[in-house]
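The following exercises are to be solved with the sequence and the model at hand. Each task is followed by a worked solution.

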Amino acid sequence: MERPDKAALNALQPPEFRRNESSLASTLKMLLFFTALMITVPIGLYFTTKSYIFEGALGMSNRDSYFYAAVVAVVAVHVVLALFVYVAWNEGSRQWREGKQD
């Protein structure tokens with residue numbers, strides 16, 4: 001029995017479904033990207049600023065460097081969250097405009 005190829009299946013699907021499918025894929029990619037940023041950026045900044053900036057360059061004690069590095073990590077979390085909201089807002093408004101023009 002022959003398997004239908006993807007082009008034939010895509011031709012059978014309505015265009016709205018294909019558009020929603022690609023929109024879902026791009027949304028998932030964006031979510032995974034920001035999830036990775038949310039994990040790596042604050043943790044990386046915490047250890048980097050603690051070791052190299054606060055203890056190394058500024059000569060702070062171990063206890064003080066923990067506090068200031070944690071402040072940097074919290075600020076990084078807020079920056080990543082704000083960036084996510086900005087990108088999601090622009091993506092949603094772009095999809096709304098495209099849907100309204102159709």
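A residue is called buried when its relative accessible area is under 20%, exposed when that value is over 50%, and partly exposed in between. The model examined here is a predicted one.

**Exercise 1. Determine the helix and strand content of the protein chain, and its accessible surface.**

Step 1. The protein chain contains three helices and zero strands. Read from the N terminus, the order of elements is α-α-α.

Step 2. About 8200 Å² of the protein chain is exposed, and carbon and sulfur atoms supply 68% of that area. Of the 102 residues, 14% count as buried.

Step 3. Among contacts with a separation of 6 or more, residues 24 or more positions apart account for 57%.

**Exercise 2. Compare the UniProt transmembrane annotation with the secondary structure of the model.**

Step 1. The unreviewed UniProt entry places the feature "transmembrane region" at residues 28-47 and 67-89.

Step 2. Residues 28-47 are 100% helix and 0% strand, with 29 Å between the end C-alpha atoms.

Step 3. Residues 67-89 are likewise 100% helix and 0% strand, and their end C-alpha atoms lie 33 Å apart.

**Exercise 3. Decide whether Thr49 is buried or exposed, and describe its surroundings.**

Step 1. Thr49 belongs to helix α2, which comprises residues 15-57.

Step 2. Its relative accessible area is 6%; because the limit for buried is under 20%, Thr49 is buried.

Step 3. The side chain of Thr49 reaches the backbone oxygen of Leu45 at a distance of 2.6 Å.

Step 4. Leaving out residues up to four places away in sequence, Thr49 touches Phe54, Ala69 and Val72.

**Exercise 4. Find the salt bridge of the structure, and trace the polar contact between Glu55 and Ser65.**

Step 1. Side chains of opposite charge can pair when their charged atoms come close. A search of the whole structure yields one salt bridge.

Step 2. The partners are Glu55 and Lys50, whose closest N and O atoms are 2.6 Å apart. This distance qualifies because the cut-off is 4 Å.

Step 3. Glu55 has a relative accessible area of 27% and is therefore partly exposed, whereas Lys50, at 9%, is buried.

Step 4. The side chain of Glu55 also makes a polar contact of 2.8 Å with the side chain of Ser65. Ser65 is situated in helix α3 and counts as buried, at 0% relative accessibility.

Step 5. Apart from neighbours within four places in sequence, Ser65 is in contact with Lys50, Phe54, Glu55 and Met60. Both residues of the salt bridge, Glu55 and Lys50, thus appear in the contact list of Ser65.

**Exercise 5. Identify the residues of the nonpolar surface patch, and characterise Tyr68 and Val71 within it.**

Step 1. The patch is formed by Phe67, Tyr68, Val71, Val75 and Val79, which together have about 460 Å² of accessible area.

Step 2. Tyr68 lies in helix α3, residues 62-101, and Val71 is found in helix α3 as well.

Step 3. The relative accessibility of Tyr68 is 37%, so Tyr68 counts as partly exposed. Val71, at 38%, also counts as partly exposed.

Step 4. Patch membership requires over 30% relative accessible area, a condition that Tyr68 meets at 37% and Val71 meets at 38%.

Step 5. Val71 and Tyr46 are 25 residues apart in sequence, and their C-alpha atoms are 8.5 Å apart in space.

Technical notes. Residues are numbered from 1 along each chain as its sequence is written. This is a predicted model: local features need pLDDT of at least 70, side-chain atom pairs count only at pLDDT 80 or more; totals for chains, interfaces and linings use all residues. Side-chain values use heavy atoms; hydrogens and water are left out. UniProt positions are given in the numbering used here, feature names are shortened, and annotations may be inferred rather than shown by experiment. Helices (H or I, at least four residues) and strands (E, at least two) are DSSP runs, numbered from the N terminus. Patches are made of residues with over 30% relative accessible area and no salt bridge: like charges are joined within 9 Å, nonpolar side chains (Val, Leu, Ile, Met, Phe, Trp, Tyr) within 5 Å. Accessible areas come from the Shrake-Rupley method with a 1.4 Å probe; for residues, only the protein chains shown count as cover. A salt bridge is a side-chain nitrogen of Lys or Arg within 4 Å of a carboxyl oxygen of Asp or Glu. Buried means under 20% relative accessible area, exposed over 50%, partly exposed in between (1.4 Å probe, protein chains only). Contact means heavy atoms within 4.5 Å. A polar contact is a pair of N or O atoms within 3.5 Å; within protein, one must be able to donate a hydrogen and the other to accept it, and residues adjacent in sequence count only if both atoms are side-chain atoms.
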